[in-house]
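Thanks for asking me to look this over. Here are my notes, kept short so you can follow along with the model open.

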Amino acid sequence: MKKKWISSFTALALVAAMITGCNSNSSSESKSGTEGKPTGKITVYIGLQEDHAVAAMKKFTADTGIEAEMIRMSAGEILAKVRAEKDNPKADVWYGGPADTYVQAVSEGLLEPYKSPIADKIDAKYKDPDGYWTGVYVGAVGFASNKEFLEKKGLEAPKKWEDLLNPAFKGEVVMADPASSGTAYTALYTVLNVMGSEDKGFEYLTKLHPQVQQYTTSGAAPGRMVGMGEAGVGILFAHDIIKYQEEGFKNLVLTIPEDGTGYETGAIGIIKGSKNQELSQKFVDWTLSPEAQELGKTVGSFQNITNSDAVGPEQAVKLDEINTIDYDVAEAGKQRQRLIDKWSTEVK
């Protein structure tokens, strides 16, 4: 009888251990699927174009078995939402949009550091040294001009920032609002550098203001407006202009400011307090992989990409062939809120 009691006790202990092991992974943590893949669900605040964003979520789930729900917003909107949800995060990952917005988020304690092993393939200038954000793509600021508008007015497409001050462009320029758009803030910070100082930069922006027909929420929206003939010239990222050209807006003329242009480092970071840290790290690893970075060109995204093993789109602007400024992401992020507030007060 004693031996049978011991045997029964051992069996019960084994069952209890198995149950404990199974319950150790909550629904918010990584689990093993039938094929050894982790399962679970994450929420991603995403700043990519809609078609790219949808494709990325589907491909990530297909590759990893992890479900991904996305909410698409502009970079400034994402920052505001992450800030508002600081004490109770509703999302796990922030994917896409200029890195200077992430720098501001780091200063406010909104991101979690993570150094992906795949980040070794990415140049140091495109990632945070402490792992708070990692660059996924790079895109330069450009001008989109409507060909019919130029012909009607007898104008050439603007080739320098000063060209936008031509009286013929009054009320014909569209750009996004720096408070909501990472694209527009990149343009703002670029202007300050090109003009040589903050004072001269704001003097230029004040002169540009009467030329502006509308400040949009989305950074890419000006390209579509110009393509549809609703405005003469738009300020936005070159890769978005190329995207519109590829989608059929053949009346769009792309020019890059010869006197200097800035660029974004589109990034990814994990939101602090996320309940899905392990799954979020897997998402970061995936976005940095060649397969994920090469996905963009299949759905009309023409940024330069950061993984040295990945092959970028042929249509992308060649960064070594244009006049790029020394865009200091850390400084741009540090000064971001102050410069936006100044722009809102003195310009808009």
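The points below cover the cavities and then one serine.

1. Please keep in mind that this is a predicted model. A search of the whole structure turns up two cavities of 30 Å³ or more.

2. Let's start with the largest cavity, whose volume is about 100 Å³. Its lining includes His52, Tyr95, Val136 and Tyr137, and further along the chain Ala292, Gln293, Lys297 and Pro313 are also among the lining residues. Two elements, β6 (134–146) and α11 (290–295), each give two or more residues to this lining.

3. What is the chemical character of the residues around the largest cavity? They divide into six nonpolar, five polar and one charged.

4. The second largest cavity has a volume of about 40 Å³. Have a look at Glu112, Tyr114, Trp133, Thr134 and Val284, which are among the residues that line this second cavity. Strand β11 (residues 263–271) supplies the largest share of that lining, with three residues. By type, the lining residues of the second largest cavity are six nonpolar, three polar and one charged.

5. Now to serine 289, which you will find in the loop between α10 (277–288) and α11. Is this serine buried or exposed? Its relative accessibility is 9%, so serine 289 counts as buried, the cut-off being under 20%.

6. Which residues does serine 289 touch, leaving aside its neighbours within four places in sequence? Serine 289 is in contact with Ile118 and Asn307.

Terms used:
Residues numbered from 1 in each chain as written. Predicted model: local features only at pLDDT ≥ 70, side-chain atom pairs only at ≥ 80, totals over all residues. Heavy atoms only, no water. 1 Å grid on protein atoms, 1.4 Å probe; cavity = no way out; pocket = protein on both sides within 12 Å on 5 of 7 lines; lining within 4 Å. Points joined across faces, edges and corners; volume = space filled by probe spheres on them. Helix = DSSP H or I, 4+ residues; strand = E, 2+ residues; numbered from the N terminus. Nonpolar A, V, L, I, M, F, W, Y, C, P; charged D, E, K, R; others polar. Buried < 20%, exposed > 50% of the residue type's maximum accessible area, 1.4 Å probe, protein only. Contact = heavy atoms within 4.5 Å.
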